[in-house]
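Visitor: Hi, I have a few minutes before my next run. Could you walk me through this one?
Guide: Happy to. Let's bring it up on the screen.

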Amino acid sequence: MSMPNDSGRRDFLKKAVAASTVTIAPGVILHTMNAEAEPRTQPVTDKVRWGMLIDTTKCADGCKDCVEACNKENGLDLVNKPEGASDELWERQRPHWIRQVKLKDNMTGRVTNLPMMCQHCEFPPCVDVCPTGASFKRADGIVMVDRHICIGCRYCMMACPYKARSFIHAEVAEKLTHAPRGKGCVEACNLCVHRLDNGQTTTACQDACKHQAIVFGDLKDPESPVSKALKKYPSVQIRADLKLNTGVRYTNI
């Protein structure tokens, strides 16, 4: 049998990598990256700060596209209700990386819809209170949880003014390799860090938003779409009074 030439090998590898999700064993799902993306080869630096701007006027009432995309991207849709748990209890305890929030202006009565996730603060309270260092902020501004050293004390959940973190209450049967989770750990939005570290430049919620309400990118790059949008439109931080300098901003609130 003749061996394939180099071109044939490359085509084969591209097709193999193009598969997005493959189950390789019970409870273990291999999640692969886009064939065109390149894995990170350099350390994370503070020359980049990832963040996003969300236009609330484009957030349609009842739309769940960003939430569903986040759940699928990070394996939250694989987490099942524990046996014997009531629907009410499960709704309170199930992990959410994005919550749909309604804000009402008491003066005008205007109601604003917006997605609420980890705000990736420059000065994150969750990091300050963590006794083990499991909550930490990367040099590029992404706030994360190291599940290997999280002891489940939930101090970070109490400290977060955005209620952005979830606690895993039960054993997890299935998980994605890039988003492992287990009973007794805290987790939250990490701006699809697995994508960024593999050369991609968008988040799942941004890609899924058919209303183009989410602009994501490097806040330190003046030519990035998010920086240009922040210059063009007035924006606010949720709980700006806390002076946390959030990486997620909102416009038209």
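Guide: What follows is a short chat about the overall fold, the core, one helix and a few single residues.

Visitor: Great. What kind of model is this?
Guide: This is a predicted model.

Visitor: Okay, how many helices and strands does the protein have?
Guide: The secondary structure comes to eight helices and 12 strands.

Visitor: And what share of the residues counts as buried?
Guide: Of the 253 residues, 40% count as buried. As for the outside, the protein exposes about 14500 Å², and carbon and sulfur atoms supply 53% of that area.

Visitor: What share of the contacts comes from residues 24 or more positions apart?
Guide: Those pairs account for 62% of the contacts with a separation of 6 or more.

Visitor: Let's go inside. Which residues touch the most other members of the largest nonpolar core?
Guide: That core has 45 residues, and Met52, Ile54, Met117, Tyr162 and Tyr250 touch the most other members. The elements giving two or more residues to this core include β3, α2 (65-73), β5 (111-116), β11 and β12 (248-251). As a general background point, nonpolar side chains in soluble globular proteins tend to be buried together.

Visitor: Tyr250 caught my eye. What does Tyr250 touch?
Guide: Leaving out residues up to four places away in sequence, Tyr250 touches 12 listed partners' worth of neighbors, among them Leu53, Ile54, Leu114, Met117, Pro234 and Val236.

Visitor: Leu53 is on that list, so where is Leu53, and is it buried or exposed?
Guide: Leu53 is found in strand β3. With a relative accessible area of 4%, Leu53 is buried, because buried means under 20%. Beyond four places in sequence, its contacts include Ala213, Val215, Val226, Ala229, Arg249 and Tyr250. The C-alpha atoms of Leu53 and Gly247 are separated by 8.5 Å, although these two are 194 residues apart along the chain.

Visitor: Val226 and Ala229, are those in a helix? Which residues of α8 are buried?
Guide: The buried residues of helix α8 (residues 225-232) are Val226, Ser227 and Ala229. Seen down the helix axis, they fall within an arc of 165°, so they line one face of α8.

Visitor: What covers that face, and what sits on the other one?
Guide: The cover over the buried residues of α8 includes β3 (50-55) and β11 (214-218). On the face turned away from the buried side, α8 carries the exposed residues Pro225, Lys231 and Lys232.

Visitor: Switching topic: which residues form a nonpolar patch on the surface?
Guide: Leu103, Val236 and Ile253 form one, with about 210 Å² of accessible area together. Leu103 has its place in strand β4 (residues 99-104) and is partly exposed, with a relative accessible area of 30%. Val236 also turned up among the contacts of Tyr250.

Visitor: Nice. And Pro125, where is that one?
Guide: Pro125 is found in helix α4 (residues 125-129). Its relative accessible area is 18%, so Pro125 counts as buried, the cut-off being under 20%. Not counting residues up to four places away in sequence, Pro125 touches Ala159, Pro161 and Leu244. Pro125 and Leu244 are 119 residues apart along the chain, with their C-alpha atoms separated by 8.3 Å.

Visitor: Last one: where does Gly133 lie?
Guide: Gly133 lies in the loop between α4 and β6 (135-137). Gly133 is partly exposed, with a relative accessible area of 36%. From C-alpha to C-alpha, Gly133 and Cys150 are 8.0 Å apart in space and 17 residues apart in sequence.

Note on methods:
Residues are numbered from 1 along each chain as its sequence is written. This is a predicted model: local features need pLDDT of at least 70, side-chain atom pairs count only at pLDDT 80 or more; totals for chains, interfaces and linings use all residues. Side-chain values use heavy atoms; hydrogens and water are left out. Patches are made of residues with over 30% relative accessible area and no salt bridge: like charges are joined within 9 Å, nonpolar side chains (Val, Leu, Ile, Met, Phe, Trp, Tyr) within 5 Å. Accessible areas come from the Shrake-Rupley method with a 1.4 Å probe; for residues, only the protein chains shown count as cover. A salt bridge is a side-chain nitrogen of Lys or Arg within 4 Å of a carboxyl oxygen of Asp or Glu. Helices (H or I, at least four residues) and strands (E, at least two) are DSSP runs, numbered from the N terminus. Buried means under 20% relative accessible area, exposed over 50%, partly exposed in between (1.4 Å probe, protein chains only). The arc is that of the directions from the helix axis to the C-beta atoms. Contact means heavy atoms within 4.5 Å. A nonpolar core is a set of buried Ala, Val, Leu, Ile, Met, Phe, Trp, Tyr and Cys residues joined through side-chain atoms within 4.5 Å.
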